[in-house]
Structure formats: structure tokens, C-alpha cells
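I am opening a fresh page for this protein. My plan is to look for empty space first, then the overall build, then a few single residues.

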Amino acid sequence: MAIPVFPALGGLSWPVKRTPLMYTIRQPSQSGKEITIRQWLYPKYQYELTFDYLSVGDWQSLEGLWKSVGGAAGVFYFNDASDNAATAQQFGTGDGASTAFQLVRALGGFIEPVQSVNGSIAVFDNGTVVTSADYVVGSTGIVTFTTAPAAGHVLTWTGAFYWCCRFDADDGLDISEFMGSLRELKKLNFTTVKL
């Protein structure tokens with residue numbers, strides 16, 4: 001079954017909250033010094049959206065998505081308008097033997113994997129476009145070349161991506177009808193998942 005995409009809805013209000021989350025173990029010693037152990041290599045992101053109004057069509061689309069994934073049981077793709085594309089992003093260097101490379105994107109100098117490509121991408125080997133017949137993009141963003149890129153060749157990509165997410169609340173979707181055919185949703189939380 002294909003992963004559904006969060007619909008484009010009217011009525012989205014500000015602020016749109018996106019909170020990076022890391023998992024770190026903190027252990028104090030008897031001397032008072034603290035030891036920390038980072039558990040995740042890269043963060044998850046928690047989103048909080050507010051919709052001041054939802055038309056009948058928007059409400060039906062949102063509720064339909066929520067029901068189709070079973071609340072927090074399933075996943076969906078979210079297109080974060082502020083963080084959804086990469087341009088000439090380096091994702092590997094050929095060694096003459098390796099054929100599989102994980103797509104990545106940089107944000108403020110921090111590199112993390114891109115796991116959910118949105119549409120077609122362009123792949124470049126040392127600045128030369130690679131024809132789409134010469135590589136395959138897997139469901140978790142791994143590009144596999146039919147022939148290993150030459151040693152020292154820089155691999156880059158340009159394209160769009162989604163964030164794979166899961167709703168945080170599994171017990172309900174608090175949508176209120178406030179006037180005629182208009183509804184509102186004061187808080188919708190979901191968090192990215194790692195594939």
C-alpha cells in the first residue's frame with residue numbers, strides 16, 4: 001500500500017511549530033560531573049499545526065487521511081514548505097566499487113538522510129547529469145547505480161523530498177464546527193519517523 005500524502009489545506013495559521021528532538025542519556029556521577037550518551041545520530045522533528053478554518057473539503061481530506069492511517073498506527077508523508085528540497089547537494093564520493101549511496105541534505109551545516117523522495121530527482125556525477133536509466137532510487141532514499149561511480153567522483157543531487165510522519169494522538173482528532181460549513185482544529189501534532 002502506498003504511503004498517503006498530507007493534503008494541502010487552507011486555514012493554516014501561524015506559528016507553525018517544528019521542534020527538533022534528540023534522545024540523550026544523561027548520567028550524573030557522585031562528583032557532580034555529568035556523562036551524556038547520544039542515542040540518535042540525527043533528530044526527529046515534531047510538528048504542531050493550527051487551522052483557524054477548514055472548508056468542508058479540507059476537513060474531509062484531513063479526516064480521511066487520519067482514518068486511512070489509523071490515527072497513530074500508520075505513517076504519511078508531509079511536505080514541509082520550509083524544508084523540502086535540496087539543490088546540488090553532495091551525497092557521496094565514488095570509490096570505483098560502491099554502487100549504493102544514501103541521499104542526504106544539509107541544514108545549517110548538519111547533514112542528515114533524506115528517506116522519502118517527492119517526484120523525480122536529478123543525479124550528477126562530477127557535475128554531469130546521470131540518466132535515470134543508470135540508477136534507481138529506493139523507498140528509503142538510497143540511490144543505486146548500475147555501474148559504480150569512478151574513484152574521486154563527487155555525487156550530487158537536486159530534487160524535492162517529504163518527511164515521513166506519524167500522528168502523535170491516537171485517540172481522536174479534535175475538529176470543531178464553529179460556523180455554517182466551517183471547522184477549526186486548534187492543535188494537530190505529528191512527529192517524523194525513521195524508516
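**Entry 1: the cavity**

I ran the cavity search and got one cavity of 30 Å³ or more. My notes on the rule: on a 1 Å grid over the protein atoms alone, a cavity is a set of points where a 1.4 Å probe fits but cannot get out, while a pocket is an open set with protein on both sides within 12 Å along at least five of seven lines. Lining residues have an atom within 4 Å of a point. Grid points are joined across faces, edges and corners, and a volume is the space filled by probe spheres set on the points.

Before going on, I noted that this is a predicted model, where local features need pLDDT of at least 70, side-chain atom pairs count only at pLDDT 80 or more, and totals for chains, interfaces and linings use all residues. Residues are numbered from 1 along each chain as its sequence is written, and side-chain values use heavy atoms, with hydrogens and water left out.

The largest cavity has a volume of about 160 Å³. I listed 16 lining residues for it, and those closest to its centre are Tyr42, Pro113, Gln115, Trp163 and Val193. Two elements give two or more residues to this lining: β9 (110-113) and β14 (154-167). Strand β14 gives the largest share, with four residues. For the names, I use DSSP runs numbered from the N terminus: helices are H or I with at least four residues, strands are E with at least two.

What is the chemistry of that lining? I counted nine nonpolar residues, three polar and four charged. Here Ala, Val, Leu, Ile, Met, Phe, Trp, Tyr, Cys and Pro are nonpolar, Asp, Glu, Lys and Arg are charged, and the others, Gly among them, are polar.

**Entry 2: the largest pocket**

Next I looked at open space. The largest pocket has a volume of about 370 Å³. It is lined by 17 residues, and Leu12, Val16, Phe78, Asn79 and Ala81 lie nearest its centre. The elements giving two or more residues here are β1 (12-21) and β4 (44-54). The largest share, four residues, is from β1. I sorted this lining into twelve nonpolar residues, two polar and three charged.

**Entry 3: the whole protein**

I stepped back to the secondary structure and found one helix and 16 strands. The radius of gyration is 20 Å, well over the 16 Å that the globule rule gives for 195 residues, so the protein is more spread out than a compact globule. That radius is taken over C-alpha atoms, and the rule is 2.2 Å times the number of residues to the power 0.38. Along the principal axes, the C-alpha trace spans about 65 × 60 × 30 Å.

How much of the protein is buried? I get 35% of the 195 residues, with buried meaning under 20% relative accessible area, exposed over 50% and partly exposed in between (1.4 Å probe, protein chains only). I also checked contacts (heavy atoms within 4.5 Å): among those between residues at least 6 apart in sequence, 75% join residues at least 24 apart.

**Entry 4: residues I stopped at**

Back in β1, I looked at Leu12, which lies in that strand and is partly exposed at 40% relative accessibility. Leaving out residues up to four places away in sequence, Leu12 touches Leu49, Thr50 and Phe51. Leu12 and Met179 are 167 residues apart in sequence, and their C-alpha atoms are 17 Å apart.

Where is the cis peptide bond? It joins Trp14 and Pro15, with omega about 0 degrees. Pro15 is in β1 too.

Then I looked up backbone angles. Ala88 is not a glycine, yet its phi is positive, about 50 degrees. Ala88 is in β6 (residues 85-93) and is exposed, at 53% relative accessible area. Asn126, also not a glycine, has a positive phi of about 55 degrees. Asn126 is in the loop between β10 (116-125) and β11 (128-130), and at 44% it counts as partly exposed.

My last stop was Gln39, in the loop between β3 (34-38) and β4. Gln39 is partly exposed at 37% relative accessibility. Beyond its neighbours within four places in sequence, Gln39 is in contact with Tyr23 and Ile25. The C-alpha atoms of Gln39 and Gly74 are 24 Å apart, with these positions 35 residues apart along the chain.
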